[in-house]
Amino acid sequence: MRQPITALMRTPAEVHDLALSWGRADLPFFAAGACHVLAFAFLERYPQAGFRPRFIRPAPGFRGAHVYVTDGQLAFDAQGFVPEAELLRLHMLALRSMQPGWQGEVQEIGVPLAEFCAGQQHRPPWAYPGDVWARAQRYLNLFPDPATVAGDAQTPPDQLA
């Protein structure tokens, strides 16, 4: 069962202390704080799977950015595979419970990881205190190959209303 993203978000102390954030267990670390690294590590591991990265960008004044990968039906993030529409629905519900009126949009990421990080103020892999890429690759070992996971034929919305 998926946990609400709000249960996995970094505390204010973890936001301000990179070592404290790094010390979290893999699930919360890759769910909130290094989701972009996990998404791009997935793409490197499974380049022929037909997945591409997407960015949930909160409207100004809201928290809750998230990067995941999708083939247009099935999504993958730190909690594993889920229909993309379900990932978006659960993300929105969780964030609205914490931030009434939460709004955001889903954007395709069409640039390399380093360029995405620079443009969105996300920490690049080399700025973590340890080898975040190796940690992401080890974490991916916990999940099946995307070719063995059946998707749910749903087209996700571009806007989270």
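These exercises work through a predicted model.

**Exercise 1. Classify the ring pair of Trp22 and Tyr128, and state which parts it joins.**

Step 1. The structure holds 14 aromatic pairs. Trp22 and Tyr128 form one of them, with 6.3 Å centre to centre and 45° between the planes.

Step 2. Planes under 30 degrees apart count as stacked, and over 60 as edge-to-face. The pair of Trp22 and Tyr128 is therefore tilted, at 45°.

Step 3. Trp22 lies in helix H3, while Tyr128 lies in the loop between helix H7 (113-120) and H8. The pair thus ties together parts 106 residues apart in sequence.

Step 4. Check burial. Trp22 has 22% relative accessibility and counts as partly exposed. Tyr128 has 7% and counts as buried.

**Exercise 2. Do the same for Phe29 and Tyr128, then find the charges over these rings.**

Step 1. The ring centres of Phe29 and Tyr128 are 5.8 Å apart and the planes are at 75°, so this pair is edge-to-face.

Step 2. Phe29 lies in helix H4 and Tyr128 in the loop between H7 and H8, so the pair ties together parts that are 99 residues apart in sequence. Phe29 is buried, at 1% relative accessible area.

Step 3. Now the charges. Arg123 lies over the face of Tyr128, 5.8 Å from the ring centre. The charged end of Arg135 sits over the ring of Phe29, at 4.0 Å from its centre.

Step 4. Widen the view. Trp22, Phe29 and Tyr128 belong to one aromatic cluster, whose members also include Phe42, Phe76 and Tyr139.

**Exercise 3. Describe how helix H8 is placed in the structure.**

Step 1. H8 spans residues 132-140. Its buried residues are Val132, Arg135, Ala136, Gln137, Tyr139 and Leu140.

Step 2. List the packing partners. These buried residues pack against helix H3 (18-22), helix H4 (26-31), helix H5 (35-45) and strand S3 (74-77).

Step 3. Look at the start of the helix. There, a side-chain oxygen of Asp131 comes within 3.3 Å of the backbone nitrogen of Trp133.

**Exercise 4. Work out how strand S2 is enclosed and paired.**

Step 1. S2 covers residues 66-70. Five of its five residues are buried, so the strand is largely enclosed by the rest of the structure.

Step 2. Sort the side chains. In a regular strand they alternate between the two faces of the sheet. His66, Tyr68 and Thr70 point one way from S2, and Val67 and Val69 point the other way.

Step 3. Take the pairing with strand S1 (residues 52-58). S1 and S2 are antiparallel, over five bridges. Pro53 has Val69 as its bridge partner in S2.

Step 4. Take the pairing with S3. S2 and S3 are also antiparallel, over two bridges. Thr70 has Ala75 as its bridge partner in S3.

Step 5. Inspect the hairpin of S2 and S3. Three residues lie between the strands, and Gly72 takes a positive phi near 100°.

**Exercise 5. Decide whether Cys35 and Cys117 are bonded or not bonded.**

Step 1. A search of the whole structure finds zero disulfides.

Step 2. Cys35 is in no disulfide, and its nearest cysteine sulfur, that of Cys117, is 9.9 Å away.

Step 3. Apply the cut-off. A disulfide needs sulfur atoms within 2.5 Å. At 9.9 Å, the sulfur of Cys117 is too far from that of Cys35 for a bond.

Step 4. Add burial. Cys35 is buried at 6% relative accessible area. Cys117 is buried as well, at 3% relative accessibility.

Definitions and conventions: Residues are numbered from 1 along each chain as its sequence is written. This is a predicted model: local features need pLDDT of at least 70, side-chain atom pairs count only at pLDDT 80 or more; totals for chains, interfaces and linings use all residues. Side-chain values use heavy atoms; hydrogens and water are left out. Buried means under 20% relative accessible area, exposed over 50%, partly exposed in between (1.4 Å probe, protein chains only). Helices (H or I, at least four residues) and strands (E, at least two) are DSSP runs, numbered from the N terminus. Contact means heavy atoms within 4.5 Å. A polar contact is a pair of N or O atoms within 3.5 Å; within protein, one must be able to donate a hydrogen and the other to accept it, and residues adjacent in sequence count only if both atoms are side-chain atoms. Rings of Phe, Tyr and Trp (its six-membered ring) pair if their centres lie within 6.5 Å; planes under 30 degrees apart count as stacked, over 60 as edge-to-face and the rest as tilted. A charge sits over a ring if NZ of Lys or CZ of Arg is within 6 Å of the ring centre and within 35 degrees of the ring normal. Two strands pair if DSSP finds at least two bridges between them.
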